[in-house]
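Please work through the exercises below with the sequence and the 3D structure open beside you. Try each task before reading its solution.

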Amino acid sequence: QVQLVESGGGLVQPGGSLRLSCAASGFTLDYYAIGWFRQAPGKEREGVSYISSSDGTTYPGTKYYAEFVKGRFTISRDNAKKTVYLQMNSLKPEDTAVYYCAAVPHDKYIATMSFLSGLSQKMYDYWGQGTQVTVSS
């Protein structure tokens, strides 16, 4: 059974940092691309970042970021630990949201990248339950 579990959320002050984790089980993380999304109350879910699959190699994956987090957030993966991370620095109140990780098999990722962005919800097959991030003074 495919399962994704997010953790690491919490309450931080503006300018602070958090590291979110997405722990995967039921599948081999190496062969999946992973995306991070967020959704604030009353707003649509939006893509934050994604990392392509390692495809059974030591390649860490190609990383992409939404413009509103570039220079502040960093995505990474540790295939041995079956975990993807999102390091969030210089947090702003507008970063407050529930953060979700999502997964898509490598083959589907490759087949659909010509017409779907890795920051599109439609790319992904599996989703975690989310972790709350609150940025407030």
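A residue is called buried when its relative accessible area is under 20%, exposed when that area is over 50%, and partly exposed in between. Keep in mind throughout that the model is a predicted one.

**Exercise 1. Decide whether R38 and E46 are buried, exposed or partly exposed, and state how their side chains meet.**

Solution. Begin with R38, which has a relative accessible area of 6% and is therefore buried, as this value is under 20%. Turn next to E46, whose relative accessible area of 31% falls between the two cut-offs, so E46 is partly exposed. Finally, look at the contact itself: the side chains of R38 and E46 meet in a salt bridge, with 2.8 Å from N to O.

**Exercise 2. Find which residue besides E46 forms a salt bridge with R38, and describe where the two partners lie in the chain.**

Solution. The residue to find is D95, whose salt bridge with R38 has its closest N and O atoms 2.8 Å apart. This pair links distant parts of the chain, since R38 belongs to strand β4 while D95 sits in the loop between β8 and β9, 57 residues apart. Both R38 and D95 are buried. As a last step, widen the view to the network of salt bridges, in which R38, E46, R72 and D95 are linked.

**Exercise 3. Describe the surroundings of strand β4, naming the strands that pair with it.**

Solution. Strand β4 covers residues 32-39, and seven of its eight residues are buried, so the strand is largely enclosed by the rest of the structure. One pairing is with strand β9 (residues 97-105), in the antiparallel sense and over eight bridges, and here the bridge partner of R38 is Y99. Another antiparallel pairing, over five bridges, is with strand β5 (residues 46-51), where W36 has S49 as its bridge partner. In the hairpin of β4 and β5, six residues lie between the strands, and G42 takes a positive phi near 80°.

**Exercise 4. Locate the one disulfide of the structure and explain what it ties together.**

Solution. The disulfide joins C22 to C101, with 2.1 Å from S to S. C22 lies in strand β3 (residues 18-25) and C101 in strand β9, so the pair ties together parts that are 79 residues apart in sequence. The link is right-handed, with 70° about the S-S bond. To finish, check the accessibility of each cysteine: C22 counts as buried at 1%, and C101 counts as buried at 0%.

How values were computed: Residues are numbered from 1 along each chain as its sequence is written. Side-chain values use heavy atoms; hydrogens and water are left out. Buried means under 20% relative accessible area, exposed over 50%, partly exposed in between (1.4 Å probe, protein chains only). Helices (H or I, at least four residues) and strands (E, at least two) are DSSP runs, numbered from the N terminus. Two strands pair if DSSP finds at least two bridges between them. A disulfide is a pair of cysteine sulfur atoms within 2.5 Å. A salt bridge is a side-chain nitrogen of Lys or Arg within 4 Å of a carboxyl oxygen of Asp or Glu.
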